[in-house]
Amino acid sequence: MSEKFCLIIDSGIGGLTTLYSIREVLPTLNCIYYADKAFMPYGSKSASMVEGRIISIIEKFSAYSLCAIVIACNTASAVSKTALRSHYDIPIICIEPAIALATTTNKKVMVLATPLTSRSSMFRELLAGYTSEFVVESLKDLATHIEKWLYDNSIADYGYALHILDSALKKNCDAIVLGCTHYVFLKDEIRKRTGKDVFDGNSGLARQLARTITTTTSCDPKLLFYSSVKEGEVEDLKLRQIYFAQKKRQ
């Protein structure tokens with residue numbers, strides 16, 4: 001295909017929040033969103049399995065002319081960024097927790113993350129570069145409950161997600177960083193429940209992508225949604241629905 005596309009990958013719906021930020025900065029960019037729902041959640045998998053999944057997804061879209069690949073999953077970014085950048089010669093833009101932004105004016109920062117992210121050496125090295133005190137909350141099932149709440153319309157899972165959050169948010173801190181793009185769907189709720197500033201890395205990633213690529217204009221920008229639970233070239237219309245519902249709320 002002659003048209004240039006940006007491929008955005010996540011384990012599920014979380015990266016739709018990243019896609020929203022990207023399209024705010026680059027509204028004419030052709031984008032393909034891929035949710036690896038069949039292997040969701042990444043946060044409970046091994047690092048080698050997650051890395052292998054990301055590479056296999058990229059290969060699925062080898063027929064497309066890609067201007068960039070965005071890893072919109074903090075877990076996948078933490079465990080596969082180095083390997084991906086050595087394997088591909090196109091820009092690989094990876095989501096990271098907004099630690100730099102949160103620590104500018106806050107001394108004690110809580111970071112909410114998946115188990116695999118919180119165990120990764122890249123995540124630990126990131127925190128070690130700052131003098132603030134960090135409270136890391138490893139949340140095993142939160143992303144899964146958010147996924148089921150929005151994709152499967154499960155009100156019960158919304159309740160489970162809030163219960164997990166309430167337990168984590170009892171600890172004292174000055175600000176909160178969301179280390180999983182799924183958690184961004186609850187950003188306003190977290191802010192309301194704590195009264196704290198809440199940070200995520202989506203806007204920073206979008207600006208980095210804009211600085212990195214040169215092909216950003218299409219007269220008729222395309223937005224395609226696929227997932228590993230849909231066979232072939234069949235679009236996952238539920239992903240499209242969640243994305244545009246998110247836009248309406250902004």
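A residue counts as buried here when its relative accessible area is under 20%, and as exposed when that value is over 50%. Keep those cut-offs in mind as you click through this predicted model.

**Stop 1: helix α9**

Select residues 187-194, which make up helix α9. Colour Lys 187, Glu 189 and Ile 190, since these residues of α9 are buried. Now look down the axis of the helix: the buried residues fall within an arc of 165°, so they line one face of α9. Turn to the face pointing away from that buried side, and you will find Asp 188 and Lys 192, both exposed.

What do the buried residues of α9 pack against? Show β5 (108-113), α8 (155-168), β7 (175-178) and β8 (197-199), and you have their packing partners. Before you leave, click on Gly 195, which follows α9 and has a positive phi, near 75°.

**Stop 2: strand β5 and its partners**

Stay with β5, one of the elements that the buried residues of α9 pack against. This strand is mostly covered, with five of its six residues buried.

Add residues 133-138 to the view: this is strand β6, joined to β5 by six bridges, and the two run parallel. To see how they line up, pick Val 109, which stands opposite Phe 134 in β6. Then bring back β7, which also runs parallel to β5 and is linked to it by four bridges. Here the pair to highlight is Val 111 and its bridge partner in β7, Val 177.

**Stop 3: the five-stranded sheet**

Next, move to an open sheet of five strands, and trace them in the order β4-β3-β1-β2-β9; their pairing is parallel. Which strands stand at the edges? They are β4 (92-94) and β9 (223-227), and each has a single partner strand, so one side of each is left without a neighbour in the sheet. Going from one strand to the next, the twist averages 20°.

For a view of one pairing, select β1 (residues 4-10) together with β3 (residues 65-71): six bridges join these parallel strands. Within this pair, Cys 6 stands opposite Ala 68 in β3.

**Stop 4: helices on the sheet**

Finally, add two helices. Helix α10 (residues 202-212) packs on the sheet, where it touches β1, β3 and β4, and its direction makes about 165° with that of β4. Helix α1 (residues 16-25) lies across β1, β2 (31-35), β3 and β9, and runs at about 170° to β2. Show β1 and β3 once more to end the tour: α1 lies across both, and α10 touches both.

Conventions:
Residues are numbered from 1 along each chain as its sequence is written. This is a predicted model: local features need pLDDT of at least 70, side-chain atom pairs count only at pLDDT 80 or more; totals for chains, interfaces and linings use all residues. Side-chain values use heavy atoms; hydrogens and water are left out. Two strands pair if DSSP finds at least two bridges between them. Axes are lines fitted to C-alpha atoms, for helices over the stretch in contact, and angles run from 0 to 180 degrees between N-to-C directions. Contact means heavy atoms within 4.5 Å. Buried means under 20% relative accessible area, exposed over 50%, partly exposed in between (1.4 Å probe, protein chains only). The arc is that of the directions from the helix axis to the C-beta atoms.
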